[in-house]
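Here's a quick walk through one protein model, with the viewer open beside you. We'll look at some empty space inside, then a sheet, then a single side chain.

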Amino acid sequence: MIAEHAQTLKKAPSWLYKAAAQTYIDKEFPRHLFIETTAACNLRCDYCPRERVNTHMDFDLFRAIIDESAHYGARSFSLHLFGEPLLYPKIIEAVRYIKKKNKSNAVLLTTNGTLLERFGDDLIKSGVNKIIWSWRPEAKFSDSLKARLRSWGKFAVRLIDEVVPESEKEKWKDWPLLEKRSLHNYGGNIELSKFGAKNTAGSRYPCYHLWLAPAVAWNGNHLICCSDPHQKEVIGTFPAMTISEAWKEMEKYRRWHLEGKYEGICKTCDVWKNYPDIFFRFQKKSS
């Protein structure tokens, strides 16, 4: 999965990370795809700017997306965007369908954890490659579930620095897969200072999502990345526009980023800060 490649290579020398990341880029079809299986959520986190839409992706639409992807070899998929994926009525079937189309496909879920007691075992059996729990106080895990998730070895705990109390950081500090992140502004849709976070200052660099990980919203709209909660930057709609066609349409955004121009939702977004720069200085017309 692209996220795991990024985490692994972060510790590598800068030039090696850049070279490896660029080698991984596929101009025909994205390596990783965010699919918003559902826009519904059972929480109202004050730092989440998502649309209050409680609807799901049609399962025929979902299967058509995976069917197109199957023509390009193994890929990785995140079955979430701004909804809670475990609210999707066919979440287990969705994982299984991805695996059926290609055994080497990888599936990633990020969840608020409130439904893991109900779905945890079934998800593990479905073949999901990784579950990330983005810490929320509403999620309650029994000791037996914790033990099973720890034994499984693919359950990560994500602690967002500005959101998680120090007592909870201490509680989870020894979990085998631990991710620590800073809050980002979701395409410029939240004011970070309200949560004690600093707005990113200084020069920025091209966002790697444009080269590696776009998104398809619940209604089939093609989005340039996973940080567009109000669908402001819609390239087209699947299946009228295929994923491959949308991927090629994104070339203008890539060109703008390499020229130091950040238009549309990119103008005020800071999600790029969560990933290293994947380009060398000589590849950028402006820094």
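Bear in mind that this is a predicted model. Searching the whole structure turns up three cavities of 30 Å³ or more. Let's take the second largest cavity, which holds about 80 Å³ of space. What lines the second largest cavity? You'll find Arg204, Cys207, His209, Leu210, Ile224, Cys225, His257, Ile265, Cys266, Cys269 and Val271 there. By type, that lining splits into eight nonpolar residues, two polar ones and one charged one.

Now for the sheet. Nine strands make up an open sheet with mixed pairing, and their order reads β6-β5-β4-β3-β2-β1-β7-β8-β9. Which strands stand at the edges? They are β6 (178-181) and β9 (234-237); each has a single partner strand, so one side of each is left without a neighbour in the sheet. On the sheet packs helix α4 (residues 91-101), in contact with β2 (76-78) and β3 (106-111). The direction of α4 makes about 155 degrees with that of β3.

Strand β1 (residues 32-35) is a handy place to zoom in, as it pairs with β7 (residues 215-216) and with β2. As background, strands of a sheet pair through backbone hydrogen bonds, either parallel or antiparallel. Here are the two pairings of β1 side by side:

| Pair | Sense | Bridges | A residue of β1 and its partner |
|---|---|---|---|
| β1 and β7 | parallel | two bridges | Ile35 and Val216 |
| β1 and β2 | parallel | three bridges | Phe34 and Ser78 |

Which way do the β1 side chains go? His32 and Phe34 point one way, while Leu33 and Ile35 point the other way. That fits the general pattern: in a regular strand the side chains alternate between the two faces of the sheet. All four of these, His32, Leu33, Phe34 and Ile35, are buried.

Last stop: Arg254, which sits in helix α10 (residues 251-258). Is Arg254 buried or exposed? Its relative accessible area is 6%, and the cut-off for buried is under 20%, so Arg254 counts as buried. Leaving aside residues up to four places away in sequence, Arg254 touches Leu210, Trp211 and Trp247. Leu210 should ring a bell, as it is also one of the residues lining the second largest cavity. Pro206 is 48 residues from Arg254 along the chain, yet their C-alpha atoms are separated by 7.8 Å.

Conventions:
Residues numbered from 1 in each chain as written. Predicted model: local features only at pLDDT ≥ 70, side-chain atom pairs only at ≥ 80, totals over all residues. Heavy atoms only, no water. Helix = DSSP H or I, 4+ residues; strand = E, 2+ residues; numbered from the N terminus. Buried < 20%, exposed > 50% of the residue type's maximum accessible area, 1.4 Å probe, protein only. Contact = heavy atoms within 4.5 Å. 1 Å grid on protein atoms, 1.4 Å probe; cavity = no way out; pocket = protein on both sides within 12 Å on 5 of 7 lines; lining within 4 Å. Points joined across faces, edges and corners; volume = space filled by probe spheres on them. Nonpolar A, V, L, I, M, F, W, Y, C, P; charged D, E, K, R; others polar. Pairing = 2+ DSSP bridges. Axes fitted to C-alpha atoms, helices over the stretch in contact; angles between N-to-C directions.
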